[in-house]
Amino acid sequence: MSAEASVGSHAADSTQSAVSPPVFHNTDELRNRGLIGSKYVKLNVGGSLHYTTVQTLSKEDSLLRSICNGGTEVSIDSEGWVVLDRCGRHFGLVLNFLRDGSVPLPEEHRELDEVLKEAQYYRVQGLVQHCLSAMQKQKDVFETVCRIPMITSAKEEQKMIASCRKPVVKLQNNRGNNKYSYTSNSDDNLLKNIELFDKLVLRFNGRVLFVKDVLGDEICCWSFYGEGRKIAEVCCTSIVYATEKKQTKVEFPEARIFEETLNILIYENGRGFGPGGLHLLDSRGSGSSLGAEEEGATGGDRRVRRIHVRRHIMHDERGHGQQTVYKD
């Protein structure tokens, strides 16, 4: 072979070796190289397959950019898929955020929390902030909504009242718990009690916990709690005696109910603790018992005020056995 041919062959081999990609003889060498020089990336995230570009993955200073530039070791299978040991349910959302800079988030709180965890794992800070802002908006909306718990058992009621640091107002409303007929105004007064309950919920939302009990023994009864114990009770029902039968009468002592609701605010933020708070509460209620019968039930060192509406009875001048007239 001539010297010129030998030189030409050597030059050709040098050119071919310059343009040929390097060959990796083992998996570790391939893993350490990362995705340098690649344009497209195939990702296998927990069995969910995604095809994207290095440019998309490198938009933010994240774990995905670190994978692309070789800063983070990755496992690549025999078919060239980058294998990430992570659930792939929300990975498409992460990719769409990197592509567009914004993405619609799920409204359900649990799914939103899952997206936040994925964004934190991949260190996509823009998506992390997007999720936190959405959670804050949900929290603000939740706090402005009036939610009224419904009691399902006596055990649940005791636990709820004992664990609540706010004053508690409970309306026990069970119209079906009656073996007599109602007087003519009872249904109307029962609705008025329910309407007053709704108005008080709106007025004192966030300051007082209002609960409803539709399973109790009373037809219409208000209970007021502070420091985990019952402070007062306003019973709105009684039995009246007509000519030949008994009837159930429902009252609407609006002023007294509203007053007891104001009284219970003394226990807001722990202000009712100590003898001073109790003295103030007693002084508030001492001058407002006109038109009501007030019973003091001793419970340890403290009393529970049970208020029943006082009725003024007037008999007409008809003979014995005739109807008795009740004047409210």
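**Helix 8, the nonpolar cores and the salt bridges of a predicted model**

In this predicted model, helix 8 spans residues 154-163 and buries Glu 157, Met 160 and Ile 161. Viewed down the helix axis, these buried residues fall within an arc of 90 degrees, so they line one face of helix 8. The face turned away from the buried side carries exposed residues. These are Lys 155, Gln 158, Lys 159, Ala 162 and Ser 163. The cover over the buried residues of helix 8 includes three strands. They are strand 5 (168-173), strand 7 (209-213) and strand 8 (220-226).

One of the buried residues of helix 8 is charged and paired. Glu 157 meets Lys 170 in a salt bridge, at 2.8 Å from N to O. Lys 170 lies in strand 5 and Glu 157 in helix 8, so the pair ties together parts that are 13 residues apart in sequence. Both partners count as buried because their relative accessibilities fall under 20%. The value is 5% for Lys 170 and 14% for Glu 157. Strand 5 thus appears twice in this picture, as part of the cover over helix 8 and as the site of Lys 170.

The overall fold comprises 11 helices and 15 strands. The protein has 328 residues, of which 38% are buried. Among contacts with a separation of 6 or more, 64% join residues 24 or more positions apart. The exposed area is about 19,800 Å². Carbon and sulfur atoms supply 50% of that area.

In soluble globular proteins, nonpolar side chains tend to be buried together. Here, the largest nonpolar core holds 32 residues. The members that touch the most others are Leu 43, Leu 64, Leu 84, Leu 105, Tyr 122 and Leu 127. Several elements each supply at least two residues of this core. Among the strands, these are strand 1 (40-45) and strand 4 (82-84). Among the helices, they are helix 3 (54-57), helix 4 (63-68), helix 5 (91-100), helix 6 (109-122) and helix 7 (125-144). Helix 5 gives the largest share, 6 residues. Leu 64 illustrates the packing. Residues up to four places away in sequence aside, Leu 64 touches Leu 57, Leu 84, Phe 91, Leu 98 and Tyr 122. Apart from this core lies another, of 25 residues. Its members include Leu 190, Phe 210, Cys 220 and Ile 231.

Nonpolar side chains also appear at the surface. Met 150, Val 214 and Leu 215 make a nonpolar surface patch of about 270 Å². Leu 215 sits in the loop between strand 7 and strand 8. With a relative accessible area of 58%, Leu 215 is exposed.

Two loop residues were examined for backbone geometry. Most residues other than glycine have a negative phi. Arg 123 is not a glycine, yet its phi is positive, at about 60 degrees. Arg 123 occupies the loop between helix 6 and helix 7. Its relative accessibility of 39% makes Arg 123 partly exposed. Glu 227 likewise has a positive phi, near 60 degrees. Glu 227 is placed in the loop between strand 8 and strand 9 (229-235). Glu 227 is partly exposed too, with a relative accessible area of 27%.

The count of salt bridges comes to 11. One of them links Lys 117 to Asp 113, with the closest N and O atoms 3.1 Å apart. Both residues lie in helix 6, where a spacing of 4 residues separates them by about one helical turn. Lys 117 is partly exposed, at 40% relative accessibility. Asp 113 is partly exposed as well, at 27%. Another salt bridge joins the side chains of Lys 230 and Glu 233, at 2.9 Å from N to O. Here the partners fall into separate exposure classes. Lys 230 is partly exposed at 22% relative accessibility, whereas Glu 233 is buried, with a relative accessible area of 13%. In addition, Arg 89, Glu 111 and Glu 114 form one network, joined by salt bridges that share partners.

Terms used
Residues are numbered from 1 along each chain as its sequence is written. This is a predicted model: local features need pLDDT of at least 70, side-chain atom pairs count only at pLDDT 80 or more; totals for chains, interfaces and linings use all residues. Side-chain values use heavy atoms; hydrogens and water are left out. Buried means under 20% relative accessible area, exposed over 50%, partly exposed in between (1.4 Å probe, protein chains only). The arc is that of the directions from the helix axis to the C-beta atoms. Contact means heavy atoms within 4.5 Å. A nonpolar core is a set of buried Ala, Val, Leu, Ile, Met, Phe, Trp, Tyr and Cys residues joined through side-chain atoms within 4.5 Å. Accessible areas come from the Shrake-Rupley method with a 1.4 Å probe; for residues, only the protein chains shown count as cover. Patches are made of residues with over 30% relative accessible area and no salt bridge: like charges are joined within 9 Å, nonpolar side chains (Val, Leu, Ile, Met, Phe, Trp, Tyr) within 5 Å. A salt bridge is a side-chain nitrogen of Lys or Arg within 4 Å of a carboxyl oxygen of Asp or Glu.
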